[in-house]
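Please open the model in a viewer and keep the sequence panel at hand. The tour below proceeds by selections, each followed by a description of what is found there.

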Amino acid sequence: MPETSEQEDSQQRLLQVNKALDSGMFVYVRKLLQNMPAYDLALILQSSPSKSRTVLWQLIDHDHHGEVLEELNEEVRKGILKKMRPEKLAEVAEGMDVDDLAEVLRTLPDSVYREVLSSMDSQDRSRVEAALSFDEDTAGGIMNTDTITIRPDVTVDVVLRYLRLKGELPEATDSFYVVDRNDHFIGAVSLSHIVTAKPEVIISKLINDEITALNADMPESEVAQLFERYDWFSAPVVDEEGRLLGRITIDDVVDIIREEAEHSMMSMAGLDDEADTFAPVFKSTQQRSVWLGVNLITALFAVAVSSMFEDILGQLAILAILNTLVPSMGGVAGNQTLTLVIRGMALGHIGESNARTLLYKELAVGFLNGIIWALLIATVVAIWKQDFMLGSVIAFAMLMNLTAAGIAGVTIPLFLKKLDIDPALAGSVILTTVTDVVGIFAFLGTATLLLGT
């Protein structure tokens, strides 16, 4: 498969670089790095221990530093930026897109990034400051101010002559934005229309006024959904008064989608999506200890419930053996529902209008699964231990827990969302606690009533 081949090539390059680095062949390493794309250089840096990164960064061509910084994750980027002087950062900033530069500057201490800004020319500084004035997770925070604007009353010939004088187009340009004299957005004209229209045609006749302008305060997740829904390559960004501020291109949206996927995956383990794989031991331990502590506290609830039934556990050792089975099944079923709901919320499929319908559906699924697996486990236990009552106890507990897991899998992420808490981060911990407590209580509580002496 192509992906496997690419991964093998990346690993091969990394192996070559590390071997040469360990042998002190710095000139050879510099040659290896010289022709690599920025993404591959970033991958090598992120795949190397922190000590090697300093050497590798110095061996990478300085002209490529800006492009590589754009590709690095935040944690690794911070480590490199800490060792760079402000004036050097200002030099690197010259070749970076405004949105990427703004993202880099946000990771710097306030005093350092102001020093970097003061080292830039006035035009670049004003563009970056405009991007920094918006939250980083909004359309304004990810937009690029490098756009071409045209007036509605000029001809195609005038526009073409202007473009020839300009010499080059901003990267990923597929449309030109039409604005009035006060920079209010009117519409867009595609590049293909400009190239193919007759020279005397007025721009106003080519305007596509159905192009949707994005408000600068729109969350980036909504921006990504719109790009996916309408297959956009770019979109204009405007302020509250409709003045054009910049544009968002598809490459920015791909980054958003990738970051959200990483965030969801890492959050379920209680980790930062920008975590450095090769971070120092103490730092990694510190980051993970917090989440382990949270999990320990929630696990104590399940232990407390089990301790309420010490007498019945002492009487029937088989209950201690079977006690883990019901919470385990509930946890798996609940996580299936939880993952489905979190995904649906991220894609905009789930809201207040259809949450009740989804709850009823998952309740029915949980109940039906409960019946199926309750009957199966009851049969196994009854035959194994020759005890029909014991089989009935675990069947009832299984039914209750799988039903509760379906309900919890829907309600927990919806409730956390209302509290502005990331469901991917806290949902699985709360769900595990619910299924453990319900499963243990249903199993041991029923066993106490029916089997206790």
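The stops that follow concern confidence, a group of strands and a pocket.

**Colour by confidence.** This is a predicted model, so begin with the pLDDT colouring. The protein averages a pLDDT of 84, and 92% of the residues score at least 70. Select helix 1 (residues 2-22), where confidence is lowest, at a mean of 71. Then select strand 4, where confidence is highest, at 95.

**Select residues 234-238.** These residues form strand 5. Is this strand enclosed or open to the outside? Five of its five residues are buried, so strand 5 is largely enclosed by the rest of the structure. In a regular strand, side chains alternate between the two faces of the sheet. Inspect each face in turn: Ser234, Pro236 and Val238 lie on one side, while Ala235 and Val237 lie on the other. Both faces are covered, as these residues are all buried.

**Add residues 214-215.** This selection is strand 4, which runs parallel to strand 5 and is joined to it by two bridges. Centre the view on Val237 of strand 5 to find Leu214 standing opposite.

**Add residues 244-249.** This is strand 6, and its pairing with strand 5 is antiparallel, over five bridges. Which residue of strand 6 is the bridge partner of Ser234? The partner is Thr249. Return to Val237, which also stands opposite Gly246 in strand 6. Val237 thus offers a convenient point of reference, with Leu214 opposite it and Gly246 opposite it in strand 6. As for exposure, strand 6 is mostly covered, with five of its six residues buried.

**Follow the chain between strands 5 and 6.** The two strands form a hairpin with five residues between them. Select Gly242 in the turn, which has a positive phi of about 85°.

**Move to the second largest pocket.** This pocket holds about 500 Å³ of space. Its lining comprises 21 residues, and those closest to the centre are Thr54, Gly79, Ile80, Lys82 and Lys83. Show helix 4 (50-59) and helix 6 (74-81) as well, since each supplies at least two residues of the lining. Finally, colour the lining by residue class: nine residues are charged, six are polar and six are nonpolar.

Terms used
Residues numbered from 1 in each chain as written. Predicted model: local features only at pLDDT ≥ 70, side-chain atom pairs only at ≥ 80, totals over all residues. Heavy atoms only, no water. Buried < 20%, exposed > 50% of the residue type's maximum accessible area, 1.4 Å probe, protein only. Helix = DSSP H or I, 4+ residues; strand = E, 2+ residues; numbered from the N terminus. Pairing = 2+ DSSP bridges. 1 Å grid on protein atoms, 1.4 Å probe; cavity = no way out; pocket = protein on both sides within 12 Å on 5 of 7 lines; lining within 4 Å. Points joined across faces, edges and corners; volume = space filled by probe spheres on them. Nonpolar A, V, L, I, M, F, W, Y, C, P; charged D, E, K, R; others polar. pLDDT = per-residue confidence, 0-100.
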